[in-house]
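Biologist: Please give us a close look at one part of this structure, namely its charged side chains that pair with each other. I should be grateful if you would also explain the setting of each pair for a first-year student.

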Amino acid sequence: MGIARQPESVLNTLVAVPRYLTTRASSRKTVRKSYPPAAASRSGTMEKTPLPADEDGRMMADTQSDAQLLDGNGSSLGTAMEPARDAWASKIQYLLAQVGFSVGLGNVWRFPYLCHQNGGGAFLLLYVLLLAVVGVPLFFLELAAGQCIRQGSIGVWKHISPKLAGIGYSSCVVCFFVALYYNVIIAWSLFYLGSSFQSPLPWEQCPEPIHNRTVNECTNSSPTTYFWFRKALDITDTINETGQLNSVMTICLLAAWTAVCLAMIKGIKSSGKVLYFSSIFPYVVLLCFLIRGLMLDGASEGIIHMIYPKLEIWGSVQVWRQAATQVFFALGLGFGSVIAYSSYNPLRNNCHRDALMVSFINFFTSILATLVVFAVLGFRAKTKAMECVTRNLALLSGISSGEFELNHLLNWTNISTPDSVMLEEYRNWFLHHRSSVPVNVTDCDPEEEMNKGVEGTGLAFIAFTEAMSLFPASPFWSALFFLMLLNLGLSTMLGTMQGILTPLTDNFKRLMRHKTALTVCSCVVGFVIGLVFTQRCGNYFVTMFDDYSATLPLIIVVIFETFSVSWVYGADRFLDDIENMLQWRPPVVYKYLWKYICLLAMIGLLGASVLQMILKRPTYTAWNHSTASKGKLDYPQWALVVLSLLIIFASLPVPLGYLHTLLKNKLGQGPETGRRRETDVEREDYMKCNTMEPDSASTLKPLDEEVGEEPHRNSFRALGSEQYKLLPQREETEDGEETTGM
């Protein structure tokens, strides 16, 4: 990717001049004209200077230059070349990366819960509406921006305007916060995966009575609940009881970070290969569970319960907020990972089709996971209802004939065999005769069990785990399920880490040259800080980070992203860039969606989320071992300070980046520098995609600038003290007209 060696006479001239200019000579006879910054585009908006391309058609940012001076022997006069930027080995690999990042644990344990709690089929319709008018346009915006500018999140928004560089830094901070606790969930999955290779499963029954407290804790709850809170987490009663590490989870967390480090050690070259398995395997498992689940007794009732529409929920602001938040997080908007992945694409890749495809796959996965979850939970509810019938029949059979004429109330031929009694028969009998029964028997309603909505870790590690323990060959299904969770978490984790590493390596040359060391150090730091989550009270910190470290900051980030593209840079101009990149113009409806619908929707979501936090004091769900039950507790004051700092630290780079640029402009020395910076602000600093063919040769010319003058932003910045800038080269077309081509 270096510059081709020039004739001796040219090089002699360059050695004598303190600054130099490089430009590519076009190999075509007719060269397309490059307009100055003030020229108008065909849509009537202001055209920006295009970014130059190298032999591979790759654009170079102001922070990363491949230019280098050569002497007569071909040796470098400057510093070493920057490492070549990675690229995807295939389109399939890229799509698997985007799907793997967007399809995560939330599709399995968050979406089914929201669908169940918020009107079933009515929530699905609302979700599809918001996905179409908000999710897909914003996802397309991030894909197009990353592919066009070929930088991470920091570089993309810095190119639009230096004042917006803080948006990218906020994305990196949020990715770091999410990576810290997300890998803990992978560690939990590793622990359960290892525990699945034994029969019977350790959570199928309560342990032998050794200590009365632990036995009571199990018998008063359930074996799966006991195993989760006591064996896996060994959890404390409150978040205040800090300091004691869970040794088993610490080892699992180390294994999780080691796996992430090995997968990321060579960037997308190594992680792309891992994604072939981690992105595809969960679909195989979901299909297996769906086929097995549909064969279970009670599966149809569970699915019907899920899809039954309750249209009245459309009038609830809370439901709209939850649906918009789920769309927002399902596609991974604002993390910077979507931008990072798309920045490794070839320039002509059809990112619009990718946006539609990934969004559809994401929604399809959510529906598939919801069907699986409710089929299995329907079976679990039916099984629990039949256990209730068995207990009640045992109570009824113990009544003596003198006290109560049982045959007068029961029409069943043999009450001693509860399996012969149908659930519907028992419920009909109870409905008509419950007031006449002298013992405390209860109604056995599977609907009541289904209405006990569980989400997150409660769904995966308690409810679904309990249902699998009822399967024949339960260890096999348990291992399959937790291996699926492990791969879902790993593919999302790789995207999250890419959202941190790509922006940093793109914008800091030293980090670019030591990408492997940066990856290893990031994983080590993540593991050390992640020890907070392996304390006995670590689950409460996971809840805190999950609820507050990402939601508000990411909404703020996406608001600024949408505003900067649609209003600061201009939606028409951005569509022009996409047209130049894809060779066709996306529908104009995106312009209005970006400028109005998406922006107003995100502002409304931010307002609703802030209002929710103000009106309702933050709480967390704690486990009380003495009562063997869960309860809501208020966060202590120090925890409120921590969660407030999480929100502030993640959001602070946005205003700091703006203030830093203002101060930098005001502190500029000399009137010439001030005028140049004012010009830069007027022109903004977004580099347009270069749609021209790569040039076959390069020509070096001297740069006529004063020694104290700062080079323009659209210039090569050498690694040493030398500075270089691209200037146009005059050539003649077939008609003899002089043109200026980049």
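Modeller: A residue is called buried if its relative accessible area is under 20%, exposed if it is over 50%, and partly exposed in between, with a 1.4 Å probe and protein chains only. The model is predicted, so local features need a pLDDT of at least 70 and side-chain atom pairs count only at pLDDT 80 or more, while totals for chains, interfaces and linings use all residues. Residues are numbered from 1 along each chain as its sequence is written, and side-chain values use heavy atoms, without hydrogens and water.

The chain has 742 residues, of which 56% are buried. Its secondary structure comprises 29 helices and eight strands, which are DSSP runs numbered from the N terminus (helices H or I, at least four residues; strands E, at least two).

Side chains of opposite charge can pair when their charged atoms come close. The structure holds 14 salt bridges, a salt bridge being a side-chain nitrogen of Lys or Arg within 4 Å of a carboxyl oxygen of Asp or Glu.

Let us begin with R536 and D234. These two residues form a salt bridge in which the closest N and O atoms are 3.4 Å apart. R536 sits in the loop between α23 and α24 (538-548), D234 sits in the loop between α9 and α10, and the pair links distant parts of the chain, 302 residues apart. D234 counts as partly exposed because its relative accessible area is 28%. The pair also belongs to a wider arrangement: E217, R230, D234 and R536 are linked in a network of salt bridges.

The next pair is E466 with K384, whose side chains meet in a salt bridge of 3.0 Å from N to O. E466 belongs to helix α20 (residues 457-468) and K384 to helix α16, so this salt bridge ties together parts that are 82 residues apart in sequence. The two partners fall into separate classes of accessibility. E466 is classed as buried because its relative accessible area is 15%, whereas K384 has a value of 24% and is therefore partly exposed. Helix α16 covers residues 351-397, and T365 also lies in this helix. T365 has a relative accessible area of 3%, so T365 is buried.

The last pair to examine is K591 with D572. Here the closest N and O atoms of the salt bridge are 3.2 Å apart. K591 is in helix α26 and D572 is in helix α25, and the pair, 19 residues apart, links distant parts of the chain. K591 is buried because its relative accessibility is 15%, while D572, at 22%, counts as partly exposed.

What lies between these helices in sequence? Q583 is placed in the loop between α25 and α26. This residue has a positive phi of about 70 degrees although it is not a glycine. Its relative accessibility is 54%, so Q583 counts as exposed.

The helices that carry K591 and D572 also contribute to a nonpolar feature of the surface. F563, W567, V588, Y592, Y596, I597, L600 and I603 form a nonpolar patch there, with about 800 Å² of accessible area together. Such a patch is made of residues with over 30% relative accessible area and no salt bridge (nonpolar side chains, that is Val, Leu, Ile, Met, Phe, Trp and Tyr, joined within 5 Å; like charges within 9 Å). Both α25 (551-582) and α26 (589-615) supply at least two residues each, and α26 provides the largest share, five residues. One of the patch members, I597, is found in α26. I597 is partly exposed because its relative accessibility is 42%.

For the chain as a whole, about 31,600 Å² is exposed, and carbon and sulfur atoms supply 60% of this area; accessible areas come from the Shrake-Rupley method with a 1.4 Å probe, and for residues only the protein chains shown count as cover.

To draw the examples together, R536 and D234 are placed in loops, E466 and K384 join helices α20 and α16, and K591 and D572 join helices α26 and α25.
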